[in-house]
Structure formats: C-alpha cells, structure tokens
Amino acid sequence: MAFNLTRGSTHILKKCFQTKFFNYKNVAHLDKRNLHLSPILQRIISFNLSDIGEGIREVTVKEWFVKVGDTVEQFQNICEVQSDKASVTITSRYDGKIVKLYHKVDEIALVGRPLVDFDIDDEDHEGSESSEESSTSGSESDKEKGSLSDTDHHHHHHRHKILATPAVRRIAMENNVDLNKVPATGKLGRVLKGDIMEYLGMVPQGTNKPHPTLLQKQQVVGTRVPAPDRIEALKGVRKVMLKTMSESLKIPHFAYCDEINMNKLIDFRDQLQELAQERGVPKLTFMPFFVKAASVGLTKFPILNSVLDVENEKVMLKGPHNISVAIATPQGLVVPNVKNCQSKTILEIAKDFNDLVERGRTGHLHPPDFADGTFTLSNIGNVGGTYTHPCIMPPQVAIGAMGKTQVLPRFGANDEIVKVNIMNISWCADHRVIDGVTMANFSNTWKKYLENPALFLLTDEQ
C-alpha cells in the first residue's frame, strides 16, 4: 500500500522508525486514514505585534483579556499594551483558539515579534499565513540550532537543581548572582544566605553560618545590612524622557521669568465655578485660563507656535494651537495636548483638559493625544517650587512652567503694603529663532490676561 504523506507525517514516521517499539515491516498494514498528523501541525499561526505608530518599537503588556485555551473571533480584544506614554488595545486578526501567550503582564513586547499563537479553524487563513509561519518557525529553528552548543556546554548546570530557600534565591536574583557559582555549605549542598554574603564580600570568608556574630550585632546595635544595589532597565516614560531630554539640551535656549498677581483671577475663577458645573465641568482649575491666555499670546506672536527645520534653515509656523500640558500619572509625567485652543472657550478647554487628566491617571491616553503639540505649559506649583528652568520639547521652540501661588507683601497704588497672591512663571525659548524681546512681549500679553481676566471676554475680537 502506498502513502501520500505530508512533510509533517513523514517526519513523525521517521522518528517512529528509530524506536525499538516500531516494526517498519508492518507499515503496509497501517491504515492511512488513522494518520491525523499534518493537519494539526500546520494550523498554528503566530500573531505578530503590528506597528502602532509614532515610531514606537516596544511596548509593555499591561493586561491580557484572553488565556491559553480560549476561543476568540476576529476583532475581539486580546490584550492592552502600554507604549512610552499611551495605552493601546490589541484586537485579534483571526478566528481560532489561543495556544500560546508569549509574554506575561509587565513584560516587554517588540513590534514585529510574536504576541500570541493561534490554532486557526479556517483553512484559508492557513494558506494566507503559510509564509509568515514558515518564516517564524524557521527563525525559531535557527535560534534553537544556534543555542545547542551553549546548552551542551552548560548541561552540567541543569542536571540537578540548586537547593536554596526562596529568600536566598531572591537575594541572588537582586544581585545577579548565579547560584551554580556560589560554594554551598548547607546540608545536601544547600546554598545558605551566608554563602551568598561571603560570595558578595559582605562578610569575611570562612565565617561560621549563619554568622552569629553578625546577627548578634544586629540585635544589640539595631543595625541592618544595607539593601543591595539594583540595576533597572529604563522603560516607558523614563525611556522616552532619556531620548527627549537628550535632544532638548542640544538646543541653544534662554530663560525668562516674571511674577503674576493672581488676586483677580482667583475671584474670577470662583465666580465661574457654578456656571462651569452647569456646563458639565465639575472642577474648574487655573490651567484652562493659563492655556487660553497662552493661545492669545501665540496669536499675537506666531513664531512661538512654530517648528524649526535646522537642515533646510526654515521655520514652519503652525496654524492650530495644540498646547501640551504636563500631567502627573502613575507611569510618570506625560505631556498630551489640548487641540485647537485658538477656537475654544475656557470651559471647552477645561473639559478637554479634565478628560486628559482622568485618562492619564487611569492609563488610557492614546498616541493621538500626544501628536502634533505646538507649545507646552507645565504647572510645577502643584508639587511646590517657584522658579524653574523647563526643558524645551523638540520640535517645539518654547515652554512655560508655573510655580506655586504664594501670599506675599507688595506695595499698593498709594505705597501701602498689601497682601497679594503671587505666582511665578518661567519661560524657556529656542534662541535660534526667538529673541528675548519676543519672549518678554509674549509673557507680558499672557500676564495681562491673567491679571485682568475680564479681557477673556474679548478674545474673539483679538
């Protein structure tokens, strides 16, 4: 009887021929209808993480919505990932069954690399993805072959499990210590805490275990062994901050500072609180006023709302006022932007700003929230401090940072001492395209509107 076997079936039969439990002379008696091998082997397809834009090359897996064994449909949510600043929900491209998850929660996933493996029900998917599957399996096969020599070389490390308590393993992991290299003095070759301390040079070699002298000293003096050093890879917001600030400090820039009398603005904001609640703004902060005043200033001095093209020695004056605002989140300081502030009222800006704050705190900001920012404001006064030196966010050309509001004595119109609510403002600008006079005039315009908030009623005429 002749068989028309697929590559997968032939491979498995060949393995069977090499065993003593299989008699190749009896192959003729096999019924080919019982060989259900290749269909199963060829239905597994890797679903790669696709490009999510903004030049993002890696993300952190924040939550899985599926588990191994689940059956999913196309466009069903698979997981949520966090890029440098934004979260993205990944959906399925296939109908099928989840057979493998490549990452755990909080692990890094790379764009273009496998995210999950599917057992596809539809044969059409198998044909369309055969090249991708072959490429993936081929690369995995190469990696497996390339690692065989390393596996053989270190085989003696895996022939037996190193005996150690969870606490000892944690200390070894925190200090990047290979337990195979630590001389064990415990019973049956167990690695003790003292063995690792000797290996790290924290106690003299040959000290009795479990180092009674050291323990006695801790009990009497009350001192503790200092926590070991740790090495952490930069990721998320810290990683993007490394890149952005490195580029920022290449910009030749200057600083300009001033102080703002907040008395009238405080009263004006308080008067609008009830109206704001009626218009769907439960909390009206000062930031919408700062943003709107900046938009008025950008209308008068559009060079501050520009992007510099150094190579071609050109500057692009941006039309929309997409003003970025720094927001503190559990992931770090992020800077999304309020779009088209030039055409919005203070209450409309307040709604957009409150929405960004809420989504930032819950980790639901998306890449479009950060795209196309043209000018930046940061309120360090929320955490303290008066003056600062903010760093420009390229390709923008200017940034401002507000300090905390303080009650300070000042001279009134008749030289009397009065109590004034003073807020400090610190500006930084790209000195390649902006001069000090332009920055000062912009700051004066911004200051005039905050110190005389009734002028906001005339912004449509400016």
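Helices (H or I, at least four residues) and strands (E, at least two) are DSSP runs, numbered from the N terminus.

## Overall layout

This is a predicted model. The protein has 15 helices and 18 strands. Its length is 462 residues, and 36% of them count as buried. About 27,700 Å² of the protein is exposed. Carbon and sulfur atoms supply 53% of that area.

Long-range contacts are well represented. Take the contacts between residues at least 6 apart in sequence: 61% of them join residues at least 24 apart.

## Nonpolar cores

The largest nonpolar core holds 52 residues. Phe290, Phe375, Leu377, Phe442, Trp446 and Leu450 have the most contacts inside this core. Helix 12 (residues 287–300) is its main contributor, giving 8 residues. Another core lies apart from this one. That second core has 23 residues, including Phe47, Leu49, Val111 and Phe118.

Phe375 shows what such a core residue touches. Residues up to four places away in sequence are not counted here. On the lower-numbered side, Phe375 touches Ala294, Leu298, Leu304, Asn305, Asn322, Ile323 and Ser324. On the higher-numbered side, Phe375 touches Gln396, Ala398, Trp427 and Phe442. Phe442 is also among the core residues with the most contacts.

## Largest pocket

The largest pocket encloses about 1,200 Å³ of space. Its lining has 45 residues. Ala326, Ile327, Ala328, Leu333 and Asn379 lie nearest the centre of the pocket. By class, the lining divides into 25 nonpolar, 13 polar and 7 charged residues.

Several elements share the wall. Helix 10 (237–248), helix 12 and helix 13 (346–361) each supply at least two lining residues. So do strand 13 (327–329), strand 14 (332–334), strand 16 (375–379) and strand 17. Helix 10 has the largest share of the lining, with 6 residues. Helix 12 thus appears in two roles: it gives the most to the largest core, and it supplies part of the pocket lining.

## Cavities

The count comes to 2 cavities of 30 Å³ or more. The largest cavity has a volume of about 50 Å³. Its lining consists of Glu58, Val59, Thr60, Gln82, Ser83, Asp84, Ile108, Lys235, Gly236 and Lys239. By class, that lining has 2 nonpolar, 4 polar and 4 charged residues. Strand 2 (residues 58–64) provides the largest share, 3 residues.

## Gln406 and Glu247

Gln406 sits in strand 17 (residues 398–411). Is Gln406 buried or partly exposed? Its relative accessibility is 24%, so Gln406 counts as partly exposed. Neighbours within four places in sequence are set aside for its contacts. Gln406 then touches Thr386, Val420, Asn421, Ile422 and Asn424. The C-alpha atoms of Gln406 and Met423 are 6.5 Å apart, across a sequence separation of 17 residues.

Glu247 lies in helix 10. That helix also gives the largest share of the pocket lining. Glu247 counts as partly exposed because its relative accessibility is 41%. How far apart in space are Glu247 and Cys391? The distance is 9.9 Å, C-alpha to C-alpha, although 144 residues separate the two in sequence.

## Backbone exceptions

Most residues other than glycine have a negative phi, and most peptide bonds are trans. Three places in this model depart from that pattern. The peptide bond from Pro394 to Pro395 is cis, with omega near 10 degrees. Pro395 is in the loop between strand 16 and strand 17.

Asn340 is not a glycine, yet its phi is positive, at about 50 degrees. Asn340 lies in the loop between strand 15 (337–338) and helix 13. With a relative accessible area of 32%, Asn340 is partly exposed. Asp372 also has a positive phi, near 65 degrees. Asp372 is in the loop between helix 14 (367–370) and strand 16. Is Asp372 buried or exposed? Its relative accessible area is 58%, so Asp372 is exposed; the cut-off for exposed is over 50%.

Note on methods:
Residues numbered from 1 in each chain as written. Predicted model: local features only at pLDDT ≥ 70, side-chain atom pairs only at ≥ 80, totals over all residues. Heavy atoms only, no water. Buried < 20%, exposed > 50% of the residue type's maximum accessible area, 1.4 Å probe, protein only. Contact = heavy atoms within 4.5 Å. Areas by Shrake-Rupley, 256 points an atom, 1.4 Å probe, with all protein chains shown as cover. Core = buried A, V, L, I, M, F, W, Y, C linked by side-chain atoms within 4.5 Å. 1 Å grid on protein atoms, 1.4 Å probe; cavity = no way out; pocket = protein on both sides within 12 Å on 5 of 7 lines; lining within 4 Å. Points joined across faces, edges and corners; volume = space filled by probe spheres on them. Nonpolar A, V, L, I, M, F, W, Y, C, P; charged D, E, K, R; others polar.
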